[in-house]
Amino acid sequence: MKGVSIKQLEAIVLLDTDGKRIAVKYYNDKVQRKEEDKEIGGNASGNIGRGCDETYNGLRGIRDQKLFEADITEKSKKLGCSSSEVEVLLLNKYIVLCLSINDVNMYIVGDENDNEIILYELMQTVQDSLNNITNNQIGKKQLIDKLDLVYLLLDEIADCGIIMETNSNVIISRLYMQEGELHEHTPLNQAISSAKDNIIRSLLSGT
């Protein structure tokens, strides 16, 4: 029998309007995946838990994730996602909430059986948090400039697919507390800054 997953979401994905990555977080339940692999090998027929879709291979690898991102980008364009409201996309076994702000598309990805209200609340949390660190000017350049903070706040919001915090004020408070601690460790901070610069150059070059 498959183990029952306690995950509440599959991914948080921030892309530009062309579908290129700004920041992404995929939550793969490794323990459950191993159990699923065993069952697939043994032709087991249990139906409890979160199954693995065939098209995107459970979003396990970078190629599967990139294919998924291309498909949600295309579907959101056809649907005409706008900054005025959150749109809901259905793709295979996934429910995807989409919100477009300026040149950034934000996606909250859940399993088809996940609670849509919780995912919507999570979208509001991500939007409010990003507004805070960009002074209400969410855009690709602004997010890339603050990429270290973007990833820190995503880590504060969810861990291993489990939602940890939805109060944006609490998240931002913890965020700047962590940033202050990083500045106390100059070598580590320099390494993070160098890594961020490399990511920015890669994003801007389209690689």
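**Helix 2 and an aromatic cluster**

Tyrosine 56 and tyrosine 94 are both buried in this predicted model. The two residues form a tilted aromatic pair, with 6.4 Å from centre to centre and 55° between the planes. Distant parts of the chain are linked by this pair: tyrosine 56 belongs to the loop between helix 1 (30-41) and helix 2, whereas tyrosine 94 belongs to strand 4, 38 residues apart.

Tyrosine 94 also pairs with phenylalanine 68, here in an edge-to-face arrangement with a centre-to-centre distance of 5.3 Å and an angle of 70° between the planes. Phenylalanine 68 is located in helix 2 and tyrosine 94 in strand 4, so this pair ties together parts that lie 26 residues apart in sequence. The relative accessible area is 0% for phenylalanine 68 and 1% for tyrosine 94; both values fall under the 20% limit for a buried residue. Tyr56, Phe68 and Tyr94 make up one aromatic cluster, and the structure holds three aromatic pairs.

Helix 2, which contributes phenylalanine 68 to the edge-to-face pair, spans residues 62-79. Its 18 residues reach 25 Å from the first C-alpha to the last, close to the expected 26 Å. The buried residues of helix 2 are Asp64, Gln65, Phe68, Glu69, Ile72, Thr73 and Ser76. Their cover includes strand 1 (11-16), strand 2 (21-26), strand 3 (87-91), strand 4 (94-101) and strand 5 (104-111). Just after helix 2, glycine 80 adopts a positive phi of about 75°.

Note on methods: Residues numbered from 1 in each chain as written. Predicted model: local features only at pLDDT ≥ 70, side-chain atom pairs only at ≥ 80, totals over all residues. Heavy atoms only, no water. Helix = DSSP H or I, 4+ residues; strand = E, 2+ residues; numbered from the N terminus. Expected span 1.5 Å × (residues − 1). Buried < 20%, exposed > 50% of the residue type's maximum accessible area, 1.4 Å probe, protein only. Contact = heavy atoms within 4.5 Å. Phe/Tyr/Trp six-rings, centres within 6.5 Å; stacked < 30°, edge-to-face > 60°.
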